[in-house]
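Thanks for coming. I have one structure to walk through today, so let me put it on the screen.

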Amino acid sequence: ALESLDHIELDDEQREALKDLEQAKAELERVLRQLREEELERTLTQLAARFRKMLELQNQVYEGTVRLDKVAEAERDQDDEIESARLSRLESQIVNEADKALLLLHEEGSSVAFPEAIEQMRGDMRQITERLAAVKVDKITQGLEEDVIAALEEVIATLEKAIKDLEKKKTPPGQQP
């Protein structure tokens, strides 16, 4: 809107007012950019914490699955079935955490590929949940768990890098971008 005033003759006071308006506009844009960066950093930090929690739980499930697999199928008793069901419920909690993370990612909306990778990982988690509920603690289940662990580690590394990149990009107070 300010640019359309070029053809109008202005006195010194009006030029000064226009200059002040343009400076105010630039300052507002800078503040908005900073707020968006801070909001993005908060979101990324929340996501990283959520994925770290998921990784911790996934490692617990994996360790439990490996322990159960060491018991020969013929020797498994009700306690082993109960433990497998407990691991299945824990895996189900991880799926719920993945759902919450996906919701955050969709709200943030800056990356399409990232949510797709999480959805694929969530599909593996659901398979793990079903397999553990059926006391299938074999190498297939463990392989799925290892894939999920690797994917979670990769997601966390990606988020941490994005947070560091944002921190580097931040404009020190009082300096122009």
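Start at the beginning of helix H1, where Asp11 caps the N-terminal end. One of the side-chain oxygens of Asp11 sits 3.0 Å from the backbone nitrogen of Glu13. Keep in mind throughout that this is a predicted model.

Now the overall layout. The protein chain has four helices and zero strands, and along the sequence the pattern reads α-α-α-α. Of its 177 residues, 31% count as buried. Among contacts with a separation of 6 or more, 73% are between residues 24 or more positions apart. The accessible surface is about 11600 Å², and carbon and sulfur atoms account for 51% of that.

Back to H1, which runs over residues 12-69. How far should its 58 residues span? At 1.5 Å a residue the expected figure is 86 Å, and the end C-alpha atoms are 84 Å apart, so the two agree. H4 can be put through that check as well: it has 31 residues and reaches 44 Å from its first C-alpha to its last, close to the 45 Å expected at 1.5 Å a residue.

Next, the interior. In soluble globular proteins, nonpolar side chains tend to be buried together. Here the largest nonpolar core has 34 residues, and the members that touch the most others are Phe51, Met121, Met125 and Leu159. Which elements give two or more residues to this core? They are H1, helix H2 (78-108), helix H3 (113-133) and helix H4 (139-169).

Take Phe51 from that group. Leaving out residues up to four places away in sequence, Phe51 touches Ala101, Ile118, Met121, Leu152, Val155, Ile156 and Leu159. Several of these turn up again in the list of buried residues of H4, which includes Leu152, Val155, Ile156 and Leu159. That list also holds polar residues, among them Thr141, Gln142 and Glu145.

Two threonines are worth a look. Thr43 is in helix H1, and is it buried or exposed? With a relative accessibility of 9%, Thr43 counts as buried, because the cut-off is under 20%. Beyond its neighbours within four places in sequence, Thr43 is in contact with Leu104 and Glu108.

The second is Thr141, in helix H4. Its relative accessibility is 0%, so Thr141 is buried too. The side chain of Thr141 makes a polar contact of 2.6 Å with the side chain of Arg131. Residues up to four places away aside, Thr141 touches Thr65, Ile128, Arg131, Leu132 and Lys136.

From there, move to the loop between H3 and H4, where Val135 lies. What is the phi of Val135? The value is near 55 degrees, which is positive in a residue other than glycine. Val135 has a relative accessible area of 22%, so it is classed as partly exposed.

One last position: Ala117, in helix H3. Ala117 is partly exposed as well, with a relative accessible area of 39%. The C-alpha atoms of Ala117 and Val155 are 8.9 Å apart, while the two residues are 38 residues apart along the chain. Val155 is one of the residues Phe51 touches, and it is on the buried list for H4.

That is what I have; I will leave the model up for questions.

Conventions
Residues are numbered from 1 along each chain as its sequence is written. This is a predicted model: local features need pLDDT of at least 70, side-chain atom pairs count only at pLDDT 80 or more; totals for chains, interfaces and linings use all residues. Side-chain values use heavy atoms; hydrogens and water are left out. The expected span of a helix is 1.5 Å times one less than its number of residues. A polar contact is a pair of N or O atoms within 3.5 Å; within protein, one must be able to donate a hydrogen and the other to accept it, and residues adjacent in sequence count only if both atoms are side-chain atoms. A nonpolar core is a set of buried Ala, Val, Leu, Ile, Met, Phe, Trp, Tyr and Cys residues joined through side-chain atoms within 4.5 Å. Buried means under 20% relative accessible area, exposed over 50%, partly exposed in between (1.4 Å probe, protein chains only). Contact means heavy atoms within 4.5 Å. Accessible areas come from the Shrake-Rupley method with a 1.4 Å probe; for residues, only the protein chains shown count as cover.
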